[in-house]
Every structure is written in structure tokens, then in C-alpha cells.
Amino acid sequence: MTTLALTVLTTTDSPEKAETLARGAVEARLAACAQVSGPVTSVYHWQRAIETAEEWQVVFKTTEARYEDLEAHILAAHDYETPEIIATPVVRASSAYLGWLGREVAHP
């Protein structure tokens, strides 16, 4: 059986918040891995103004089967009114990695 892997991206305004989001998802087995990077500079429209902010990105590695639960976790744990949550399918990956990913996010 082939595991449909996803990378799921969100951002937040501090490295501590990013690590908390990452650790919570991995501990709950909603993601096999999460990587925090930053800071990045984000420029965006918000409430009729153009904003610029320093943010940290969190990239979660999960499966399509766990996406809904991961999204719910991010929404519950995130302090942004409208957090960025973008899922991208992994087009190719090694079979060993996909096997590990699937095992790590399997329902307990």
C-alpha cells in the first residue's frame, strides 16, 4: 500500500511558538517530523493594510489520512486569527521514508 505523504506549512511569530506547534503535532503522532526554520519576512494584506512581520515556518511531514486531525490541532493550538495552513502532496519519496512516515503517524 502506498502512503500519500504531505508536507503541511504554517507560520507563527516566535521560535518558541513554532517549536511548541511542532512538538505537539509530533507527540500526538499527527506528524512524523516537523521542521522549524526562520526567521522569514512575511509581507501580506491584513485588515485593509499591508503588513510586514518576522515569522517562523513550521513544515510538518504527515499523511493524507492524518491531515484533518493535524489541521484541527494547528487551529486549536495556534494564536493567529487566520493561520496559514497549506498542504502540498509529496510527489516522490523513497519507499523507506514513506514506510517510516506511515508507521509514525499510524493511529495508536
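**Entry 1: the main core**

I began with the largest nonpolar core, which has 15 residues. Val8, Ala25, Phe60, Leu70 and Ile74 touch the most other members. I am working from a predicted model, so every value here is computed. Next I looked up where the core residues come from: strand 1 (5-12), helix 1 (15-27), strand 3 (49-63) and helix 2 (67-77) each give at least two of them. Helix 1 has the largest share, with four residues. A general point to keep in mind is that nonpolar side chains tend to be buried together in soluble globular proteins.

I then picked Phe60 and asked which residues it contacts, leaving aside neighbours within four places in sequence. The list includes Leu6, Val8, Leu21, Ala25, Leu70 and Ile74. Thr7, Thr10 and Cys33 are also among the contacts of Phe60.

There is a second, separate core of five residues too. Among them are Ala5, Ala32, Leu98 and Leu101.

**Entry 2: two helices side by side**

How do helix 1 and helix 2 pack? I found an angle of about 145 degrees, with the axes 10 Å apart. Their crossing is right-handed. I also noted who meets whom: Leu21, Gly24 and Ala25 are on the helix 1 side, and Leu70, His73 and Ala77 are on the helix 2 side. Ala25 and Leu70 were already in my notes as residues of the largest core.

**Entry 3: two residues of strand 3**

Lys61 lies in strand 3. Is Lys61 buried or exposed? Its relative accessible area is 13%, and the cut-off for buried is under 20%, so Lys61 counts as buried. Not counting residues up to four places away in sequence, Lys61 touches Leu6, Thr7, Ala31, Ala32, Cys33, Gln35, Tyr97 and Leu101. With Gln35 there is also a polar contact between the side chains, at 3.0 Å. I checked one C-alpha separation as well: Lys61 and Ala22 are 39 residues apart along the chain, and their C-alpha atoms are 10 Å apart.

Thr63 also lies in strand 3. Thr63 is buried, at 7% relative accessible area. Beyond four places in sequence, it touches Thr3, Leu4, Ala5, Leu6, Leu101, Gly102 and Val105. I was pleased to meet Leu101 again, as it belongs to the second core.

**Entry 4: an aromatic pair**

How many aromatic pairs does the structure hold? I found one. Tyr97 and Trp100 form it, and the pair is tilted, with 5.5 Å centre to centre and 45 degrees between the planes. The two residues are three apart in helix 3 (residues 95-104), so about one helical turn separates them. Tyr97 is partly exposed at 32% relative accessibility, and Trp100 is partly exposed at 30%.

**Entry 5: backbone oddments**

Last, I went through the backbone. The peptide bond from Gly38 to Pro39 is cis, with omega near 5 degrees. Pro39 lies in strand 2 (residues 33-46).

Where does Arg29 sit? I found it in the loop between helix 1 and strand 2. Its phi is near 60 degrees, a positive value in a residue other than glycine. Arg29 is partly exposed, with a relative accessible area of 35%.

Gln47 also has a positive phi, near 50 degrees. It lies in the loop between strand 2 and strand 3. At 61% relative accessibility, over the 50% cut-off, Gln47 counts as exposed.

Definitions and conventions:
Residues are numbered from 1 along each chain as its sequence is written. This is a predicted model: local features need pLDDT of at least 70, side-chain atom pairs count only at pLDDT 80 or more; totals for chains, interfaces and linings use all residues. Side-chain values use heavy atoms; hydrogens and water are left out. A nonpolar core is a set of buried Ala, Val, Leu, Ile, Met, Phe, Trp, Tyr and Cys residues joined through side-chain atoms within 4.5 Å. Buried means under 20% relative accessible area, exposed over 50%, partly exposed in between (1.4 Å probe, protein chains only). Contact means heavy atoms within 4.5 Å. Rings of Phe, Tyr and Trp (its six-membered ring) pair if their centres lie within 6.5 Å; planes under 30 degrees apart count as stacked, over 60 as edge-to-face and the rest as tilted. A polar contact is a pair of N or O atoms within 3.5 Å; within protein, one must be able to donate a hydrogen and the other to accept it, and residues adjacent in sequence count only if both atoms are side-chain atoms. Axes are lines fitted to C-alpha atoms, for helices over the stretch in contact, and angles run from 0 to 180 degrees between N-to-C directions. A crossing is left-handed if the near helix is turned anticlockwise from the far one by less than a right angle, and right-handed if clockwise.
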